[in-house]
Amino acid sequence: MYIMAQNNTNQQLKFKAISLKVHSTNEWLYGNKKKYRQVFDANQIKFIYAELALNNLLFNLEDWQINVNFKVFDQNNSVLCDKTVSQTILKSEDISYIRYSWGKPEPGVYWIKGNYRWEAWVEGILAGTAYFYTLNEGELLDDGSPYFKLTSLKLYESPFESDAFGKRNYLKTFNAETTRYMWIEIEGNNLQYKKMPWMGEFIIRIRNKSGDSIADIYDLYNYGNSIELVRFIRGWGSKEPGSWYEGEYIVDIILLEKLLGTVNVKFAKQEETDPEAGKFYLPGEGIPAAPIDQPAGEVLSEAEIMKELNELIGLVTIKESINDLYDYLKFVKLRQAKGFDDKEKINLHAVFTGNPGTGKTKVALMLGKIYKNLGVLSKGHVYEVDRTDLVGEFIGQTGPKVKEAIKKARGGILFIDEAYSLARKGDTERDFGKEVIEILIKELSDGPGDLAVIVAGYPDEINFFLESNPGLKSRFNHYFHFPDYTPSELLQIANYHAEQIDVDLDKDSEEYLYARLVEAYRDRDRTFGNARFVNSVVDEAKMNMGLRVMDGNTNTETLDNTALSTIKIEDIKEIFRKKENKGVDIPPDEELMRDSIGELNKLIGLNDIKADIHEMVKLVRYYKEIGKDVTRSFSLHSVFTGNPGTGKTTVARIMARIFRALGVLEKGHLVEVDREELVAGYIGQTAIKTAEKIDAAMGGVLFIDEAYSLMGSSENDFGKEAIEIILKRMEDNRGKFVVICAGYTGEMEEFLKMNPGLKSRFDRKFNFPDYTEEELYAIAKLMLNEQELVFDSPATEYFKQHIKSLYSSRDKFFGNAREIRKSIAEAVKNQNLRLAEIPKEKRTAEMIKTVTLDDVKELNTVIKEIKRMGF
């Protein structure tokens with residue numbers, strides 16, 4: 001249930017609230033969605049999230065800031081959470097999402113059975129309310145639910161009003177041309193009958209044979225303990241025929257993320273009554289979609305296999321390892337033929353590590369042919385899968401998907417690409433990848449055989465995957481590491497691919513391509529595409545050749561085969577020219593420059609910082625005047641070092657506007673992030689989160705606060721992945737955005753040492769010293785002035801002593817201006833309380849604007865208490 005309030009403040013011109021939804025995991029689904037629900041199992045839940053969705057009414061106009069106050073209330077209306085979240089709404093977003101969560105990192109610890117609600121407030125106005133419920137009548141086990149047992153699942157056609165019970169014609173095939181609504185009749189037993197009432201949230205999911213979701217229908221109902229038989233209907237369709245198409249569909253019934261049952265249904269030219277109406281699949285009983293029989297791999301002789309292997313470009317160490325494996329398997333087969341009683345089972349399972357495009361899939365196909373030739377596998381085909389092919393969305397879906405993949409691979413090789421995505425780091429949320437690993441281990445240990453499993457991916461991540469379960473690593477005997485191709489090997493691959501698509505590289509184009517391949521090889525990182533990269537270059541060069549040949553050529557009959565098949569140097573140069581970032585020539589905005597420089601100059605202290613920025617502005621102006629590329633003359637990426645409260649974020653915002661005023665950046669906005677907003681809890685998600693923040697910062701500044709926290713505490717920490725992605729995007733999108741990393745001086749020095757690419761890309765450093773006592777007092781006066789307040793003389797002297805006390809006991813965690821802001825806030829509160837006790841008619845204008853000694857004399861005590869309490 002979502003209740004939306006009307007916006008009636010000045011914010012109404014900026015947004016319109018769409019919805020406030022609830023979910024319990026931070027896992028991303030397609031389309032920027034989450035697993036939205038209203039009922040949760042208290043035994044499994046850690047955090048419960050609220051998501052406020054807004055229509056951005058300033059879309060394509062300007063960026064703006066929003067403050068959303070999230071609150072959680074229990075059924076007694078007690079406040080459990082009251083937190084304000086600030087977020088920049090980018091003009092590039094037509095719909096924006098603001099999210100917050102509440103709970104504890106251990107499952108079953110914080111949430112107890114009850115009714116709750118989230119509220120989202122903006123500028124004192126209620127923007128949305130979302131109710132949710134938690135249950136704890138028993139754990140959700142794989143063999144059933146403690147709340148409901150599904151006994152019947154029937155389908156019938158009817159108009160919107162639906163036919164009455166007892167008059168329904170249950171179908172297994174619907175008429176695609178005449179069907180209006182497909183109704184689903186669900187029946188089962190209330191397992192809490194005569195025990196406890198419970199809130200049930202059923203999800204009826206309709207999907208096609210390919211697995212694409214057609215509809216998710218939610219049914220929320222409070223089941224009392226006097227209800228023994230549960231029966232309800234839900235439908236999907238249209239009042240008029242024509243919304244259904246011929247084909248196979250699948251209906252899933254889900255409760256608390258557990259799949260209770262599945263039924264098949266067909267839509268054809270004629271309807272067909274279901275003689276077994278009510279029957280359904282239980283999880284693990286079978287997959288509704290018909291299995292695909294895999295063809296056997298090609299049978300080749302040993303000589304043919306070795307010829308094909310040796311013709312592969314590069315991969316010297318891989319060829320040697322495969323030759324050794326081939327010889328050993330022949331040795332084992334020979335011993336068996338001679339009657340040796342080898343009890344050792346032949347282990348064919350292997351681990352492939354390496355970057356993309358290094359030939360892993362091609363070598364897997366070769367191994368399939370070898371295993372088939374030796375008779376150790378009956379078919380020798382390769383069935384390739386990844387996480388999405390194996391992991392289900394709800395409890396009960398994963399097991400059948402994995403077993404079906406194994407069934408299709410039987411007789412050949414099950415090739416699991418990016419296998420590391422099945423093992424998440426830490427234990428932040430339940431992840432069904434673990435179930436995949438457990439089923440694989442069982443298959444590898446005591447399955448019927450006739451199967452080889454190959455897991456592939458990046459080296460570090462694959463090592464983590466193998467260590468994620470004690471029984472996993474020992475099942476893999478063969479390890480193959482695929483190195484990146486060298487530039488000369490990449491050129492051979494380019495020529496081979498050109499031959500395959502019937503084109504030739506002339507001498508000049510080949511030499512130019514080789515030079516660019518050397519450059520790409522030197523700058524490569526773990527995402528370097530290797531053969532994929534060079535093949536795409538040749539494909540694009542062929543397209544450029546076609547455009548060149550046809551441009552202005554009206555007489556195509558005169559073109560010979562050489563003209564139609566020869567790639568020239570300009571065809572390849574055009575590819576890399578497009579990839580170079582040509583900055584838009586934006587004229588300087590002098591008014592914005594005056595305002596920004598004026599704001600910088602008004603900042604208290606920071607004289608060295610101001611001088612450095614003024615110098616930078618002069619250099620950028622000069623380079624633009626003489627036509628020099630600013631982004632290649634010096635780096636704008638910077639490191640800010642210093643203690644908290646020294647003005648780093650403020651200066652970063654000003655610098656972003658200065659870059660915009662100079663025409664260096666298109667937008668000049670600031671996207672502020674920390675580790676939590678870049679790094680995810682399990683493999684595969686960090687890249688997505690980091691890329692989203694970089695995309696949001698395009699045209700502006702990405703400000704990474706406490707950047708040193710990305711170093712992490714272990715070799716497998718995902719913060720390192722975030723750093724690599726940021727460095728690559730800094731290079732790929734040179735001049736399109738600026739990165740500023742901030743943090744404590746010592747920690748930032750260590751941060752820059754952790755990756756060779758960091759120091760070379762951040763060659764501008766700004767050190768923010770602690771403010772002096774005099775500067776801190778000037779900041780205090782400025783903060784008071786903003787509220788139209790002043791100290792009287794005794795308060796002035798006392799506050800100066802207060803600053804002196806703070807300053808003399810400061811350490812590296814000293815908050816500088818933040819400490820002053822706390823003190824001023826406390827003093828202003830004391831002044832307001834004091835004046836509130838004075839009758840209105842006795843208050844003078846002088847009294848209202850003056851902060852006295854009484855208002856500040858307890859500040860040292862307050863500060864000590866705050867530090868002692870750990871705030």
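**Charge pairs, a helix face and two unusual loop residues**

Glu-157 is buried, with a relative accessible area of 17%; buried here means under 20% relative accessible area, exposed means over 50%, and partly exposed lies in between (1.4 Å probe, protein chains only). Before I continue, please note that this is a predicted model, in which local features need pLDDT of at least 70 and side-chain atom pairs count only at pLDDT 80 or more, while totals for chains, interfaces and linings use all residues. Residues are numbered from 1 along each chain as its sequence is written, and side-chain values use heavy atoms, with hydrogens and water left out.

Let me stay with Glu-157. Which residue forms a salt bridge with Glu-157? The partner is Arg-180, and the closest N and O atoms are 2.9 Å apart. A salt bridge is a side-chain nitrogen of Lys or Arg within 4 Å of a carboxyl oxygen of Asp or Glu. Glu-157 lies in strand E10 (residues 148–158) and Arg-180 in the loop between strand E11 (171–175) and strand E12 (181–190), so the pair ties together parts that are 23 residues apart in sequence. Helices (H or I, at least four residues) and strands (E, at least two) are DSSP runs, numbered from the N terminus. Arg-180 is partly exposed, at 26% relative accessibility.

As general background, side chains of opposite charge can pair when their charged atoms come close. By the rule just given, the count comes to 31 salt bridges.

A second pair is Asp-216 with Arg-205, whose closest N and O atoms are 2.6 Å apart. Because Asp-216 lies in strand E14 (residues 213–223) and Arg-205 in strand E13 (residues 198–208), this pair ties together parts that are 11 residues apart in sequence. Asp-216 is partly exposed at 29% relative accessibility, whereas Arg-205 is buried at 8%.

The third pair joins Lys-269 to Glu-246, with the closest N and O atoms 3.9 Å apart. Here both partners sit in loops: Lys-269 between strand E17 (258–268) and strand E18 (272–273), and Glu-246 between strand E15 (229–237) and strand E16 (247–255), so the pair ties together parts that are 23 residues apart in sequence. Lys-269 is exposed at 57% relative accessibility, while Glu-246 is partly exposed at 49%. In addition, salt bridges that share partners join Lys-35, Arg-37 and Glu-257 into one network.

I turn now to helix H1. Which residues of helix H1 (residues 302–310) are buried? They are Ile-305, Met-306 and Leu-309. Seen down the axis of H1, these buried residues fall within an arc of 95°, so they line one face of the helix; the arc is that of the directions from the helix axis to the C-beta atoms. The face turned away from the buried side carries the exposed residues Ala-303 and Lys-307.

Finally, consider two backbone angles. Most residues other than glycine have a negative phi. Glu-123, however, has a positive phi, near 55°, and is found in the loop between strand E8 (114–122) and strand E9 (125–135). Asn-530 also has a positive phi, near 50°, and is found in the loop between helix H9 (507–522) and helix H10 (531–550). Are these two loop residues buried or exposed? Glu-123 is partly exposed, with a relative accessible area of 45%, whereas Asn-530 is buried, with a relative accessible area of 0%.
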